[in-house]
Amino acid sequence: GHQWRGVIEEYRDRLPVGPDTEVVTLREGGTPLVPAQVLSERTGCEVHLKVEGANPTGSFKDRGMTMAITRAKEEGAQAVICASTGNTSASAAAYAVRAGMVCAVLVPQGKIALGKMGQALVHGAKILQVDGNFDDCLTLARGLSEKYPVALVNSVNPVRIEGQKTAAFEIVDMLGDAPDVHVLPVGNAGNITAYWRGYGEYAADGTAARRPRMWGFQASGSAPIVRGEPVKDPHTIATAIRIGNPASWEFAEAARDESGGFIDEVTDRQILAAYRLLASREGVFVEPASAASVAGLLKAAEQGKVDPGQRIVCTVTGNGLKDPDWAVAGAPQPVTVPVDADAAAERLGLA
Ligand code: F0G
C-alpha cells in the first residue's frame, strides 16, 4: 500500500537535496487540516487547524529536522547540537538516532516541559541544563558549533526553514489555494518565516493564486517583536515560546509587512482559555504555546479585526501530551468508585 513518504520525498523538487541525497526521515508531515467548528462559529469564518502535534515527535520541528539531519549526515557530521525550549531538542534527538549521530542539547534550566525532557532522555541525547534562558542557550550553541566539530541544527541553520515551509505547501495542496489569513504562535520566529517562504514559492510559480496575510502572536511576557526591543527576562507559562530575542526577527517582520499582516501579543490567561477551548470544544489537545495562535484569532475577532466569510488557518504547533501539567492543573480530581454499576451510574449522573 501507499503511505506518506515524509516531507523531503513528497516535495523533493522544492527542497535543497540532490538526486543522491540519503534522506533521514521519520515520515513527518502530512498532518491533518481539521475544520474547527466552534472557532468558525465564533468568528463567522471558515477556520481550519493545522495539527502539527501529529508529527512523529509531536511538533512541527520534525519538518525542519529531517532536512537539518539529512544535510548534516551528507556533510559527514558525527554530532549535532541545538538550543531548545524543548521541542527542537526532542526532534533533534530522535532524528540523530535515525542518522547514527550524537546529539547534544542545551535547555534553559527548569523551563522545559516534562514530556519534552523525557523525549530527549529516552532518545539518548546529551543534555545540558543551562543557567539562563533560551536566548543564552542559543548563544552557547552557536559558539560551540563555531569552535568544535558539531553541526548546529537550530532554525538559524537555513535548511531548517526549508523543511518547515512544506506545511504551507500541504495547506495549499489541500485547500486548492492559500487561505485569506494564516495565524501562528511566534517564538524564535523561524516558523512564520518558513510559512511565508512556502506560500511565496507556491504563488511565484502559480501553484497558488495568492498569499495569505500572516498574523503572529507572542506571549505578553515574551513579546520582543511587539515591543520593538529584546526582552531581557522573558516569562510566560507557554515555555515553548519563552524567548526574548528571536533569531529570525527580521524575517518575521518581513512576513508581517509583505503580507499586510500583524504581530501582536496574547496574555497567559488568553492562551490558557484557548488551550481549554481547543481541548473541550474542538477535541484537539495542544500544548499551551500552540494555543497562542487560537488565542490571537479570538482576540482579533473581539477587536473587530476579522472580516466574516474568510478562510483562516491556525497552526497548532505541538501535542498537548508534551506538557500535561496544564491539563491536570485546576481540573476536578476524578472520583473513586467501587466495582458497582449502580454506584458508578449515580456518580456519572445516569441514575
Ligand atoms: N510552538 C511550539 C510548540 C514551539 O515549540 C515553538 C518553538 C513555537 C511554537 C514557536 O516557533 O520558534 O519558529 O517561532 N520552539 C523552539 C524549540 C524554540 O526550541 O523547540 P518559532
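How many Å separate the centres of domain 1 and domain 2, taken over C-alpha atoms? The answer is 22 Å. Keep in mind that this is a predicted model.

Let me start with the layout. The domain assignment gives two domains: domain 1 takes 7–59 plus 160–328, and domain 2 takes 61–157. Across the boundary, 41 residues of domain 1 are in contact with 34 residues of domain 2. On the domain 1 side, the elements that give two or more residues are α1 (7–10), α7 (158–164) and α8 (166–175). Which of them gives the most to that side? It is α7, with five residues. By class, the domain 1 side divides into 16 nonpolar, 17 polar and eight charged residues.

There is also a record to mention. An unreviewed UniProt entry carries the annotation "domain: Tryptophan synthase beta chain-like PALP", and that annotation covers residues 24–318. Over residues 24–318, the chain is 44% helix and 17% strand. The end C-alpha atoms of that stretch are 21 Å apart.

Next, the ligand. 22 residues surround the ligand. The closest are N87, G187, N188, T317 and G318. Which domains supply the shell? At least three residues come from each of domain 1 and domain 2. Two helices each supply at least two shell residues: α4 (87–99) and α9 (190–204). The class split is six nonpolar, 14 polar and two charged.

Just ahead of α9, look at A189. A189 sits in the loop between β7 (181–185) and α9. Its phi is positive, about 75 degrees, although A189 is not a glycine. Is A189 buried or exposed? A189 counts as buried, because it has 26 C-beta neighbours inside 10 Å and 20 are enough.

Compare that with another loop. R27 lies between α1 and β1 (33–35). R27 also has a positive phi, near 65 degrees, and is not a glycine. R27 has 16 C-beta neighbours inside 10 Å, so it counts as partly exposed.

P32 is in that loop too, between α1 and β1. P32 is partly exposed, with 14 other C-beta atoms within 10 Å. Leaving out residues up to four places away in sequence, P32 touches V51 and A54. For a distance to check on screen, take P32 and A104. They are 72 residues apart in sequence, and 31 Å apart in space, C-alpha to C-alpha.

Now two helices, α5 and α8.

First, α5, residues 114–122. Its buried residues are G115, K116, Q119 and A120. These four cover an arc of only 140 degrees around the axis, which puts them on the same side of α5. What is exposed on the other side of α5? L114, G118 and V122 are. So what do the buried residues of α5 pack against? They pack against α4, β4 (102–108) and β5 (126–130). Note that α4 also appeared in the ligand shell. Just after α5 comes G124, with a positive phi of about 80 degrees.

Second, α8. This helix is largely enclosed by the rest of the structure, because seven of its ten residues are buried. The buried residues are T166, A167, A168, F169, E170, I171 and V172. Recall that α8 also gives two or more residues to the side of domain 1 that touches domain 2. G176 follows α8, and its phi is positive, near 90 degrees.

My last stop is V294, in helix α13 (residues 291–302). V294 is buried, with 30 other C-beta atoms within 10 Å. Which residues does V294 touch, not counting residues up to four places away in sequence? They are L39, A274, L278 and C314. One pair to check here is V294 and T31. They are 263 residues apart in sequence, yet 18 Å apart in space, C-alpha to C-alpha.

To recap, then. Domain 1 and domain 2 have centres 22 Å apart. Both domains give at least three residues to the shell around the ligand. The buried residues of α5 lie on the same side of the helix, while α8 is largely enclosed.

Note on methods:
Residues are numbered from 1 along each chain as its sequence is written. This is a predicted model: local features need pLDDT of at least 70, side-chain atom pairs count only at pLDDT 80 or more; totals for chains, interfaces and linings use all residues. A residue is near a molecule or strand if its C-beta atom, placed from the backbone, lies within 6 Å of it. Ala, Val, Leu, Ile, Met, Phe, Trp, Tyr, Cys and Pro count as nonpolar, Asp, Glu, Lys and Arg as charged, and the others, Gly among them, as polar. Domain bounds come from an automatic or database domain assignment. UniProt positions are given in the numbering used here, feature names are shortened, and annotations may be inferred rather than shown by experiment. A residue is buried if 20 or more other C-beta atoms lie within 10 Å of its own, exposed if 12 or fewer, and partly exposed in between; C-beta atoms are placed from the backbone. The arc is that of the directions from the helix axis to the C-beta atoms. Two residues are in contact if their C-beta atoms, placed from the backbone, lie within 7 Å.
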